[in-house]
Amino acid sequence: MKKILLLSDTHSYIDDAILKHVKHADEVWHAGDIGNLDVTDTIKKLKPLRAVYGNIDDTQARMEFPENNRFMCEGVDVLMTHIGGYPGKYNQRVRELLYQNPPKLFICGHSHILKVMPDKQLNLLHMNPGAAGKHGFQNVRTMLRFTIDGSKIDNLEVIEFKK
């Protein structure tokens, strides 16, 4: 079993409240718009990190992290990207990839809107953790925490912080 902390859209911001949750995870996944790489460097000192770059990320981030990150976690096929849309409204860039070979878990960021929903047509779970940073229109900063045990995604929790 793995405890996952999923965040996105930090926009160069990381604080002790985020790091407290990082310390309790087995892995941290960042769905883009990292901003300054000090964010990911700080996380990597504490826990294994999987990440993708976002539209605000510079050349350094794009050299370190891919645009799409597809991997297995336990028995779950995961696809993570920054701009992905959601069921029924997938971004054109990822739509074909999803339809040709759907993962079990599709993760994206970008919208700053926390959303978790099933795609019954593709038999996948979509997750967007919202925004953990302070930049943007959101009134509440959010992250997601969940477990993966074999092929089971479970124990989903929303973590909220004041902006």
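## Strand pairing

Two strands count as paired if DSSP finds at least two bridges between them. In this predicted model, β4 and strand β5 (residues 76-81) clear that bar with 6 bridges, and the two run antiparallel. To find your place along the pair, look at Met 72, which sits opposite Asp 77 in β5.

## The sheet around it

Step back and β4 and β5 turn out to belong to an open sheet of 5 strands, ordered β4-β5-β8-β10-β9, with mixed pairing. The edges are taken by β4 (68-73) and β9 (114-119); each has a single partner strand, so one side of each is left without a neighbour in the sheet. From one strand to the next, the twist averages 15 degrees.

There's a helix to look at here too. Helix α4 (residues 92-100) lies across β4, β5, β8 (105-107) and β10 (124-129), and it runs at about 165 degrees to β5.

## A helix pair

Now for α1 (residues 16-23) and α2 (residues 38-46): their axes come within 10 Å and cross at roughly 35 degrees. The crossing is right-handed. On the α1 side, the contact is made by Leu 19, Val 22 and Lys 23, while α2 brings Thr 42, Ile 43 and Leu 46. By type, the residues of this α1-α2 contact split into 4 nonpolar, 1 polar and 1 charged.

## The annotated span

UniProt's unreviewed entry carries the annotation "domain: Calcineurin-like phosphoesterase" for residues 3-149. In the model, the end C-alpha atoms of that span lie 9 Å apart. Its make-up is 22% helix and 36% strand.

Methods: Residues numbered from 1 in each chain as written. Predicted model: local features only at pLDDT ≥ 70, side-chain atom pairs only at ≥ 80, totals over all residues. Heavy atoms only, no water. UniProt positions renumbered as here; feature names shortened; annotations may be inferred. Helix = DSSP H or I, 4+ residues; strand = E, 2+ residues; numbered from the N terminus. Axes fitted to C-alpha atoms, helices over the stretch in contact; angles between N-to-C directions. Left-handed = near helix turned anticlockwise from the far one by under 90°. Contact = heavy atoms within 4.5 Å. Nonpolar A, V, L, I, M, F, W, Y, C, P; charged D, E, K, R; others polar.
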